[in-house]
Amino acid sequence: ENIPMIPGLENFPGDVIHSSSYKSGKSYSGKNVLVVGSGNSGMEIAYDLATHGANTSIVIRSPVCTRTIYFHWVHERKFLV
């Protein structure tokens, strides 16, 4: 895997994987997991981990703008006379 070097990472006793190797959060249930990055992959992985019971945290370099979007669905009814 091509994981950029983080000082001290060589002494980390846990698993370190790149998002390209991530398959499922099943094996992380009950574990503390740190997702580095908030791009599409990072956010989807963090969500999947959380839904599988991992204690998930995300670390990012810059602030993230989030916005809740509400959709108002209008149902058009056509009447035949």
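A search of the whole structure, which is a predicted model, turns up one aromatic pair. The partners are Tyr22 and Tyr28, and their rings are stacked, with 6.4 Å from centre to centre and 20° between the planes. Beyond that pair, the chain offers one helix and two strands, arranged β-α-β from the N terminus on. Here is a friendly tour, topic by topic.

**The aromatic pair**

- A pair of aromatic rings is described by two things, the distance of the centres and the angle of the planes.
- For Tyr22 and Tyr28, the angle of 20° makes the pair stacked, because planes under 30 degrees apart count as stacked.
- Tyr22 counts as buried because its relative accessibility is 14%, under the 20% cut-off.
- Tyr28 also counts as buried, because its relative accessibility is 18%.

**The overall layout**

- The chain has 81 residues, and buried residues make up 12% of them.
- Among contacts in the chain with a separation of 6 or more, 31% are between residues 24 or more positions apart.
- Strand 1, helix 1 and strand 2 together make a β-α-β unit, and this unit is right-handed.

**The two strands**

- Strand 1 and strand 2 run parallel and are joined by five bridges.
- Two facing positions help you find your way: Val33 stands opposite Thr56 in strand 2, and Val35 stands opposite Ile58 in strand 2.
- Val33 and Val35 also form the covered face of strand 1, while Asn32, Leu34 and Val36 form the uncovered one.

**Helix 1, inside and out**

- Helix 1 spans residues 40-51, which is 12 residues, and reaches 17 Å from its first C-alpha to its last. That is close to the 16 Å expected at 1.5 Å a residue.
- The buried residues in helix 1 are Gly42, Ile45, Ala46 and Leu49. These residues lie on the same side of helix 1, because they cover an arc of only 100° around the axis.
- The general background is that an α-helix has 3.6 residues a turn, so residues three or four places apart point the same way.
- The buried residues of helix 1 pack against both strands, namely strand 1 (32-36) and strand 2 (55-59).
- On the face turned away from the buried side, helix 1 carries the exposed residues Asn40, Glu44 and Tyr47.
- Ala50 is another residue of helix 1, and it counts as partly exposed because its relative accessible area is 45%.
- The C-alpha atoms of Ala50 and Lys26 are 10.0 Å apart in space, although the two residues are 24 residues apart in sequence.
- After helix 1 comes Gly53, which has a positive phi, near 90°.

**Gly37, in the loop before the helix**

- Gly37 is found in the loop between strand 1 and helix 1.
- Its relative accessible area is 23%, so Gly37 is partly exposed.
- Leaving aside neighbours within four places in sequence, Gly37 is in contact with Gly42, Ile58, Val59 and Ile60. Of these, Gly42 is one of the buried residues of helix 1, and Ile58 lies in strand 2.
- Between the C-alpha atoms of Gly37 and Arg61 the separation is 7.4 Å, and the two residues are 24 residues apart along the chain.

**Ile58, a meeting point in strand 2**

- Ile58 counts as partly exposed because its relative accessibility is 41%.
- Outside its neighbours within four places in sequence, Ile58 is in contact with Leu34, Val35, Gly37, Met43 and Ala46.
- Among those contacts, Val35 is the residue that stands opposite Ile58, and Ala46 is one of the buried residues of helix 1.
- Ile58 and Ala46 are 12 residues apart along the chain, with their C-alpha atoms separated by 7.2 Å.
- Leu34, also in contact with Ile58, belongs to the uncovered face of strand 1.

Notes:
Residues are numbered from 1 along each chain as its sequence is written. This is a predicted model: local features need pLDDT of at least 70, side-chain atom pairs count only at pLDDT 80 or more; totals for chains, interfaces and linings use all residues. Side-chain values use heavy atoms; hydrogens and water are left out. Helices (H or I, at least four residues) and strands (E, at least two) are DSSP runs, numbered from the N terminus. The expected span of a helix is 1.5 Å times one less than its number of residues. Buried means under 20% relative accessible area, exposed over 50%, partly exposed in between (1.4 Å probe, protein chains only). The arc is that of the directions from the helix axis to the C-beta atoms. Contact means heavy atoms within 4.5 Å. Rings of Phe, Tyr and Trp (its six-membered ring) pair if their centres lie within 6.5 Å; planes under 30 degrees apart count as stacked, over 60 as edge-to-face and the rest as tilted. Two strands pair if DSSP finds at least two bridges between them. A crossover is right-handed if, with the strands pointing away from the viewer, the path from the first strand over the helix to the second runs clockwise.
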